[in-house]
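Please open the model in your viewer and keep the sequence panel beside it. The tour below goes from one selection to the next and says what is there at each stop.

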Amino acid sequence: MAKKIIERVKLGIFVMAGLALLIFALFKLGQNRSLFSSTIELKTHFHNVGGLVAGNNIRFAGINVGAVKSVKIVNDTAIEVVMIMDDDVKNFIRKNARVSLGTDGIIGNRILNINPEKGDAPFVQSGDFLISVRDIDTDAMLRTLDRSNQNIAEITEDLQVTLRRFAQSPQLIKLLEDETMSTNIIQSFANIRRSTDEIHSTLADMRSIVEDVKAGEGSVGKLLRDTTLSAGLNEAVLRIQTLEDQAEKITHDIDSVVLNLNAVVSDIDQSVKGTDGPLGLMLNDSVTARQLEEFVVNLNASSELLKVNMEAMQSNFLLKGYFKDQEKAEKKARKAAEKKAKKAERKDN
Amino acid sequence: MRLPEDTRKFLYETGDIARFSMRFFQEAFHPRYEVREFFHQCYVIGYQSLPLVALTAFIMGFVLTMQLRPSLVIYGVESMIPSMVGIAIVREIGPVITALIFAGKIGSSIGAELGSMKVTEQIDAMEVSGTNPFKYLVVTRTMAATLMLPVLIILGDAISLYGSYLGVNIWDTTTLTLFFTQVFEFLTYIDLVPAFTKSFFFGFAVGIIGCYKGYHSEKGTEGVGSSANSAVVVSSVLIFVIDLLAVQISDLF
């Protein structure tokens with residue numbers, strides 16, 4: 001009998017182990033399919049589901065949260081997808097979340113991605129409708145790619161022509177092969193850099209000056225900033241004004257003096273024009289003037305005669321020696337003067 | 001029209017097995033029930049088959065993993081080994097291999113046991129003593145086989161997957177948690193439920209064929225041997241036939 005009991009116990013353990021494993025497996029599968037926990041149901045519409053079938057996974061921010069319950073055609077442009085999701089996610093998915101189609105890996109199963117959007121919205125409840133994002137159409141993508149490819153081909157051809165032209169241009173090659181060029185460029189850059197540094201320091205100086213001016217330091221600063229100075233300036237301007245007034249007065253005086261002078265001159269004029277006195281006689285008497293003229297003519301004639309006489313005397317042998325001596329002395333004097341000038345020149349040099 | 005002898009014999013046996021099964025259902029659901037004998041048979045058929053099933057299942061999982069690895073490495077998807085092995089074992093290899101081992105062990109033992117009882121006329125003696133031999137011998141054994149094989153298959157699947165886990169760990173490193181997460185990642189009810197359902201049919205086939213062959217054993221030691229032998233052969237073939245039907249039915253869903 002004891003043997004029978006042991007038999008039963010062993011059998012019980014055996015069967016229980018089998019059942020436990022079965023229940024574990026079913027529970028594990030149930031976790032995948034969300035059948036044992038409470039779920040919520042959400043809906044969305046797509047234009048094209050791209051092979052999505054019931055049972056495909058739904059991911060929220062990359063985590064599996066549920067599965068597609070059904071895919072059915074509503075009309076020719078809308079396909080309704082009903083999603084079964086874990087009850088927990090209703091505390092995370094908001095009503096403005098977007099549903100998009102995706103692929104698990106490159107060639108994997110279709111999946112639905114639920115992506116949160118920016119902005120505040122209430123959390124979803126069972127039966128809510130989510131907005132879907134239109135899937136990237138592979139055909140459209142390929143069409144665009146084709147156009148891009150054609151453009152690239154054209155560009156490459158143009159580039160080829162350009163490069164060939166570059167390769168055949170002797171100037172460019174010369175420019176490229178010139179070894180001094182690079183050093184020149186480097187030097188230029190160094191110069192530019194130096195200049196920039198200088199500009200920089202200059203600017204810094206200017207800046208400090210401006211700061212000084214702002215702070216009221218230095219004469220310009222004082223000029224601009226000192227309030228007492230402006231008062232002084234005011235005073236100066238006032239003084240200048242009084243000075244001007246005085247100058248006006250002086251000019252007035254000068255005017256009166258000039259008037260007096262005028263009167264004196266006109267008096268003199270009158271007195272001169274009058275025939276009385278030697279000066280008036282001399283200026284006004286026409287007879288005297290003619291006599292004076294005669295006198296000058298006579299003087300001219302006599303001086304001419306004197307000139308003839310003198311020439312006669314020069315040619316006279318008695319007086320020849322005297323004139324020769326005079327000439328020599330004259331020459332000597334001229335030479336000495338020249339020498340002196342030369343010496344002075346040398347000294348200057 | 002006279003059919004060839006072999007064909008006639010085959011058709012006769014098929015009809016006889018069907019009738020035998022009908023009688024099983026008639027007797028099984030009517031009292032009195034041989035409960036004590038049923039539990040004893042469960043112990044013998046289920047519990048005592050576990051070591052053999054466990055060993056073969058473990059080796060199967062391990063070998064399957066090692067054999068799949070090279071081709072998966074070519075495609076760079078060796079990380080898919082747990083999922084692939086999981087599906088293979090749960091859907092097909094676990095039930096079929098375990099059922100075949102079960103047929104080899106239990107089918108032959110039932111056939112030989114009932115055959116020798118028939119030959120030594122113990123069955124007739126039982127009838128005389130007032131015990132229904134069909135209830136006592138056939139119903140208990142067939143019921144036990146039907147109910148125990150699914151349990152063995154579930155345990156065998158688990159042991160297979162553990163073998164696979166060790167096989168994966170020879171080349172790669174994975175944890176048991178990750179391994180089972182990956183196994184269940186691609187498993188669905190569609191994989192588990194048909195496999196579990198068909199295992200009842202496998203068990204029933206092994207039990208009923210073993211009992212039929214033993215119950216209708218011919219006289220002599222030779223008869224016992226041939227009944228044990230043909231029990232294994234027919235039940236193994238039936239397992240494949242049922243598998244073929246099961247895959248077609250489960251494919252409808």
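Is B:Cys42 buried or exposed? Select B:Cys42 to begin, bearing in mind that this is a predicted model: B:Cys42 counts as buried, because its relative accessibility is 2%, and the limit for that class is under 20%. Move next to B:Cys211, which also counts as buried, with a relative accessibility of 0%. If you are looking for a bond between cysteine sulfurs, note that a disulfide is a covalent bond of that kind, and that the structure holds zero disulfides over all chains.

**Chain B as a whole**

Now select chain B and colour it by secondary structure, which comes to nine helices and zero strands. Followed along the sequence, the pattern is accordingly α-α-α-α-α-α-α-α-α. Chain B has 253 residues, of which 47% count as buried, and among its contacts between residues at least 6 apart in sequence, 84% join residues at least 24 apart.

**Inside helix H6**

Select residues 133-171 of chain B, which make up helix H6, and pick out B:Thr146 within that helix. B:Thr146 counts as buried because its relative accessibility is 13%, where the class requires a value under 20%. Display its side chain, and you will find that it reaches the backbone oxygen of B:Thr142 at 2.6 Å. Then add B:Phe200, B:Gly203 and B:Phe204 to the selection, since B:Thr146 touches these three when residues up to four places away in sequence are not counted.

**Three backbone stops**

For the next selections it helps to recall that most residues other than glycine have a negative phi, and that most peptide bonds are trans. Where in chain B does B:Arg32 lie? B:Arg32 is in the loop between helix H1 (5-28) and helix H2 (35-45), and the peptide bond that leads from B:Pro31 to B:Arg32 is cis, with omega near 0 degrees.

Continue to B:Glu121, in the loop that separates helix H4 (81-119) from helix H5 (122-128) of chain B. Phi of B:Glu121 is near 60 degrees, which is a positive value in a residue other than glycine. B:Glu121 is classed as partly exposed because its relative accessible area is 44%.

Cross over to chain A and select A:Ala61, in the loop between strand E2 (57-60) and strand E3 (63-75). A:Ala61 is not a glycine, and its phi is positive, near 50 degrees. With a relative accessible area of 57%, A:Ala61 is exposed, the limit for that class being over 50%.

**Where the chains meet**

Finally, show both chains together: 22 residues of chain A are in contact with 22 residues of chain B. How much area do chain A and chain B bury between them? The two chains bury about 2200 Å², and 77% of this is on carbon and sulfur atoms. Within chain A, select A:Leu11, A:Phe14 and A:Leu29, which lose the most area to chain B and together account for 29% of what that side buries. The residues on the side of chain A that touches chain B comprise twelve nonpolar, four polar and six charged. Across this interface the rule finds zero salt bridges, whereas two residue pairs are in polar contact between chain A and chain B, both at pLDDT 80 or more.

Note on methods: Residues are numbered from 1 along each chain as its sequence is written. Chains are lettered from A and ligands numbered from 1 in the order in which they are written. This is a predicted model: local features need pLDDT of at least 70, side-chain atom pairs count only at pLDDT 80 or more; totals for chains, interfaces and linings use all residues. Side-chain values use heavy atoms; hydrogens and water are left out. Contact means heavy atoms within 4.5 Å. Buried area is the accessible area (1.4 Å probe) that two parts lose on being put together, summed over both. A salt bridge is a side-chain nitrogen of Lys or Arg within 4 Å of a carboxyl oxygen of Asp or Glu. A polar contact is a pair of N or O atoms within 3.5 Å; within protein, one must be able to donate a hydrogen and the other to accept it, and residues adjacent in sequence count only if both atoms are side-chain atoms. Ala, Val, Leu, Ile, Met, Phe, Trp, Tyr, Cys and Pro count as nonpolar, Asp, Glu, Lys and Arg as charged, and the others, Gly among them, as polar. Helices (H or I, at least four residues) and strands (E, at least two) are DSSP runs, numbered from the N terminus. Buried means under 20% relative accessible area, exposed over 50%, partly exposed in between (1.4 Å probe, protein chains only). A disulfide is a pair of cysteine sulfur atoms within 2.5 Å.
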